[in-house]
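Here's a quick briefing to read with the structure open beside you. Take a look at the fold first, then work through the notes below.

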Amino acid sequence: IGMQGLAEFIMRGRRQATLVVGLSIAVPMLFWFGAVAMALVLLRRGWSEGLPVLVWASLPAVAWALLGDPTPLMVLLGCSALALLLRQRGEWSLVTLATAPLGLMFAVVLLVTLQGPLQDVAEQIKSALPQMLTELSADVDEAALARLQALMVPLLAGLMGATHAAMTLVCLILARAWQARLYNPGGFRSEFHRLRLAPWMSIALVVLVFFGPQFDALAMLAPIATVPLLFAGLALVHGVVGIKRLGIGPLVVLYVALIFVWQVLYPLIMFLAFIDSLFDFRSRLQPASGPGGNDDSNGQG
């Protein structure tokens with residue numbers, strides 16, 4: 001049957017969608033697929049059709065949360081919220097920016113529910129931090145080291161919130177690509193290639209990334225604010241590769257390199273997203289003919 005057949009099965013009706021989403025959430029490590037399927041239903045059918053599916057699908061996610069793993073519930077609800085926002089507004093820049101407040105909510109939930117484990121990990125990192133900085137030949141004074149150690153728990157919570165927010169956005173991207181494949185082949189590609197943050201968005205995010213750790217109340221937001229910049233930067237690369245018709249090769253190299261040298265590439269991609277928000281590189285490279293049509297997310301299947 002394949003993924004196409006499964007997507008068609010999900011879109012047949014409420015019962016089929018509930019079955020696939022609920023089972024995926026219930027099976028360990030498959031919760032992300034349940035979030036993708038739920039987002040597909042919401043993108044195509046809207047809130048009225050999707051709410052009953054979401055209510056039933058949330059039951060196994062709540063059970064996981066009660067067992068000590070809030071991730072399936074957070075990703076399911078977060079992805080559903082982003083799907084509704086995309087359906088309502090149709091702006092990927094807004095949806096991408098929304099991962100920041102979403103990630104903050106995730107971080108607060110994780111800070112409350114996993115306070116003990118987070119504290120343990122923070123203590124281990126604190127004790128290893130001086131040696132790690134010495135090995136990296138980083139010149140950090142005593143006061144800066146003490147401050148970094150004091151902020152370790154909120155920074156860890158922010159990092160976990162950022163990871164969950166990124167996972168949620170990836171699930172939405174997969175759902176949108178699935179929707180386009182069913183109803184408008186090529187529609188998602190043109191949408192993603194045009195994703196670009198507004199200047200005020202990128203400026204606010206960069207300020208949070210660099211100045212957030214200077215203030216205790218904003219420290220948690222610093223890693224979370226990197227997520228929209230990362231995805232906007234990746235969209236820029238995809239867009240340029242598409243305009244130049246360079247094929248899939250450069251993208252494969254990018255993602256492989258991102259795994260192995262993320263310390264260098266992550267900030268570079270964020271920087272590109274920031275510069276692009278100000279100067280819009282793709283409009284300078286774009287041929288005279290306009291971009292392709294959008295995916296009709298609000299249409300009835």
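H3 and H5 make a right-handed crossing. Keep in mind that this is a predicted model. The protein has 16 helices and zero strands, so helix packing is a good place to begin.

**H3 against H5**

- The axes of H3 and helix H5 (residues 71-89) cross at roughly 25° and come within 9 Å of each other.
- Angles under 35 degrees count as roughly parallel, so that's the label for H3 and H5.
- On the H3 side, the contact is made by Phe31, Gly34, Ala35, Met38, Ala39, Leu42, Leu43, Arg44 and Arg45.
- On the H5 side, the residues are Thr71, Pro72, Val75, Leu76, Cys79, Ser80, Ala83, Leu84, Leu86 and Arg87.
- Sorted by class, the contact of H3 with H5 has 13 nonpolar, three polar and three charged residues.

**H3 against H1**

- H3 (residues 31-45) also packs with helix H1 (residues 2-10), at an angle of about 55° and with the axes 10 Å apart.
- Roughly parallel stops at 35 degrees and roughly perpendicular starts at 65, so H1 and H3 are called oblique to each other.
- H1 passes H3 in a right-handed crossing.
- H1 brings Met3, Leu6, Ala7 and Ile10 to this contact, and H3 brings Phe33, Ala37, Leu40 and Val41.
- What classes of residue make up the contact of H1 with H3? It has eight nonpolar, no polar and no charged residues.

**Salt bridges**

- How many salt bridges does a search of the whole structure find? It turns up five, and three of the pairs are described here, including Glu49 with Arg14.
- In the pair of Glu49 and Arg14, the closest N and O atoms are 3.7 Å apart.
- This pair links distant parts of the chain, with Glu49 in helix H4 (residues 47-66) and Arg14 in helix H2 (residues 14-26), 35 residues apart.
- Both ends of that bridge sit in the partly exposed class: Glu49 has a relative accessible area of 27%, and Arg14 has one of 40%.
- Arg89 forms a salt bridge with Glu91, and here the closest N and O atoms are 3.8 Å apart.
- Arg89 is partly exposed at 48% relative accessibility, and Glu91 is partly exposed at 33%.
- Asp280 and Arg196 meet through their side chains in another salt bridge, at 3.9 Å from N to O.
- Where do these two sit? Asp280 is in the loop between helix H15 (262-279) and helix H16 (281-285), and Arg196 is in the loop between helix H10 (187-193) and helix H11 (199-211), so the pair ties together parts that are 84 residues apart in sequence.
- Arg196 comes out as partly exposed, with 27% relative accessibility.

**Backbone oddities**

- As background, most residues other than glycine have a negative phi.
- Met29 is not a glycine, yet has a positive phi of about 70°.
- You'll find Met29 in the loop between H2 and H3.
- Is Met29 buried or exposed? At 68% relative accessibility it counts as exposed, because the exposed class takes in values over 50%.
- Asp280 turns up again here: its phi is positive, near 50°, and it is a residue other than glycine.
- That Asp280 is the residue in the loop between H15 and H16, and its side chain makes the salt bridge with Arg196.

**One spot on H8**

- Ala146 sits in helix H8 (residues 142-150).
- With a relative accessible area of 43%, Ala146 is partly exposed.
- Ala146 and Lys126 are 20 residues apart in sequence, and their C-alpha atoms are 9.1 Å apart in space.

**The whole chain**

- Of the 301 residues of the protein, 46% count as buried; a residue gets that label because its relative accessible area is under 20%.
- Take the contacts between residues at least 6 apart in sequence: 75% of them join residues at least 24 apart.

Notes:
Residues numbered from 1 in each chain as written. Predicted model: local features only at pLDDT ≥ 70, side-chain atom pairs only at ≥ 80, totals over all residues. Heavy atoms only, no water. Salt bridge = Lys/Arg side-chain N within 4 Å of Asp/Glu carboxyl O. Helix = DSSP H or I, 4+ residues; strand = E, 2+ residues; numbered from the N terminus. Buried < 20%, exposed > 50% of the residue type's maximum accessible area, 1.4 Å probe, protein only. Axes fitted to C-alpha atoms, helices over the stretch in contact; angles between N-to-C directions. Parallel < 35°, antiparallel > 145°, perpendicular 65-115°, else oblique. Left-handed = near helix turned anticlockwise from the far one by under 90°. Contact = heavy atoms within 4.5 Å. Nonpolar A, V, L, I, M, F, W, Y, C, P; charged D, E, K, R; others polar.
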